[in-house]
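Colleague: I would like to learn how to read sheets, cavities and salt bridges from a set of coordinates. Please take one case and work through it.

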Amino acid sequence: MSDFEAILKAYEKSGGNREFLKSPKIASLVISGNKVLGVNRIPGLSVMAESLPDGVQVHLTIDPGTKVELPVHLCFGVIPAEGVQRILSDFEIGEEASVSFMAHCTFPNAVKVQHIMEGTIHVGKNATMRYEETHYHGETGGVVVLPKAQVVVDEGGRYYSGFNLSKGRVGKMEFDYVVDVAADGVAELVARAMGYGDDEIIVRETIRLNGENARGLAKSRVAVREHAHSEVIGITEGNAPAARGHMDCVEIVRDEAVANAMPIVHVTNPQAQVTHEAAIGTVDKKELETLMSRGLDEEAAVDIIVRGMLGE
């Protein structure tokens, strides 16, 4: 099996459709390990990917005013049981442009794999960027995933990010995003993950509302069981008049697992407002009883509740 065919197979395991990576009408980028296997460009979108001795450098630019109608598909992964993937990326979304990305990161055979993602993102004035990322780490827990990003949203810009890891083991994941939002800008970060065994999930999200009327939402949904551990650290700053931010964290704990939530509010302008809510505990007793009254055993009922919380 060729490297390209192997990564396509893994891409499908993470929920992707391989036909999207083959269509000339859809922009795409495929990276296996630290090797670039495929790039498809479309008008208004520039993709440059260069293999480095210890990783891959990716530059992606959307020209000002460009409206990319179909999602750009990104496929990253490591097929062997051991390896290190390091991706250094920067995204430049031009003024008035709009684009959506569908990223799938897959490590189906991982025993000792490390995935390092270091990104910078600039969303221009009145531009919109959506980034939906789905992970599949196999069933052994042998993955360490370290995604980090610095995001700047200019005046009137919109940035929406979704991270999903709910199938297979997590291994260890340390998610760290920092977003600066200018006047009338919006940033929404949503992270969903489920861990078991001795998985470790750490989510750090920082939103700094620096411009007047900036908006921010950090939403986390995490479920852990057996001996897994989760920690959600949300920081939102209100630094300008009429800035509005909210942090919403829900963690479900079962068995011997441990969950922590640390919402931090920092307000420097008296006209700004930041709120937060966090809930940690087991599944709702009434929901559980309702499902069991319809013929489900307790394990199946809990699974439905957890996956509903994760948006599946």
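**Sheets, cavities and salt bridges**

Modeller: Start with one pair of strands: S17 and S19 run parallel and are joined over nine bridges. Strands here are DSSP runs (E, at least two residues; helices are H or I, at least four), numbered from the N terminus. Two strands count as paired if DSSP finds at least two bridges between them. The model is predicted, so local features need pLDDT of at least 70 and side-chain atom pairs count only at pLDDT 80 or more, while totals for chains, interfaces and linings use all residues. Residues are numbered from 1 along each chain as its sequence is written, and side-chain values use heavy atoms, with hydrogens and water left out.

Colleague: What is the general idea behind strand pairing?

Modeller: Strands of a sheet pair through backbone hydrogen bonds, in a parallel or an antiparallel sense. In the case just given, aspartate 248 stands opposite glutamate 277 in S19.

Colleague: Which order do the strands take in the open sheet of ten strands?

Modeller: The order is S2-S1-S5-S7-S9-S11-S13-S15-S17-S19, and the pairing is mixed. At the edges are strand S2 (35–40) and S19, each of which pairs on one side only. From one strand to the next the twist averages 5°. For such angles, axes are lines fitted to C-alpha atoms (for helices, over the stretch in contact), and the angles run from 0 to 180 degrees between N-to-C directions.

Colleague: What is the strand order in the open sheet of nine strands?

Modeller: That sheet is ordered S3-S4-S6-S8-S10-S12-S14-S16-S18, with mixed pairing. Strand S3 (45–52) and S18 are at its edges with a single partner strand each, so one side of each has no neighbour in the sheet. The twist again averages 5° from one strand to the next. Within this sheet, S10 and S12 pair in the parallel sense over eight bridges. Valine 145 has methionine 173 in S12 as its bridge partner.

Colleague: Next, cavities. How does one look for them?

Modeller: Rolling a probe the size of a water molecule over the atoms shows where empty space is left. On a 1 Å grid over the protein atoms alone, a cavity is a set of points where a 1.4 Å probe fits but cannot get out, and lining residues have an atom within 4 Å of a point. Grid points are joined across faces, edges and corners, and the volume is the space filled by probe spheres set on the points. A search of the whole structure gives four cavities of 30 Å³ or more.

Colleague: What is the volume of the largest cavity, and which strands each supply at least two residues of its lining?

Modeller: Its volume is about 110 Å³. The strands are S6 (82–93), S8 (112–123), S9 (128–136) and S10 (143–153). Among the lining residues are Phe91, Met117, Tyr131, Glu133 and Lys148. The lining divides into eight nonpolar, two polar and two charged residues; Ala, Val, Leu, Ile, Met, Phe, Trp, Tyr, Cys and Pro count as nonpolar, Asp, Glu, Lys and Arg as charged, and the others, Gly among them, as polar.

The second largest cavity holds about 100 Å³ of space. It is lined by 15 residues, and the closest to its centre are Val232, Gly234, Met247, Asp248 and Cys249. Its lining has eight nonpolar, three polar and four charged residues.

Colleague: How many salt bridges does the structure hold?

Modeller: In general, side chains of opposite charge can pair when their charged atoms come close. The criterion is a side-chain nitrogen of Lys or Arg within 4 Å of a carboxyl oxygen of Asp or Glu. The structure holds eight such bridges. One of them joins arginine 221 to aspartate 248, with the closest N and O atoms 2.9 Å apart. This pair links distant parts of the chain, with arginine 221 in strand S15 and aspartate 248 in strand S17, 27 residues apart.

Colleague: Are arginine 221 and aspartate 248 buried or exposed?

Modeller: Both are buried, meaning under 20% relative accessible area (exposed is over 50%, partly exposed in between; 1.4 Å probe, protein chains only). Another salt bridge pairs arginine 204 with glutamate 174, the closest N and O atoms being 2.6 Å apart. Here arginine 204 is partly exposed at 27%, and glutamate 174 is partly exposed at 22%.

Terms used. On a 1 Å grid over the protein atoms alone, a cavity is a set of points where a 1.4 Å probe fits but cannot get out, and a pocket is an open set with protein on both sides within 12 Å along at least five of seven lines; lining residues have an atom within 4 Å of a point.
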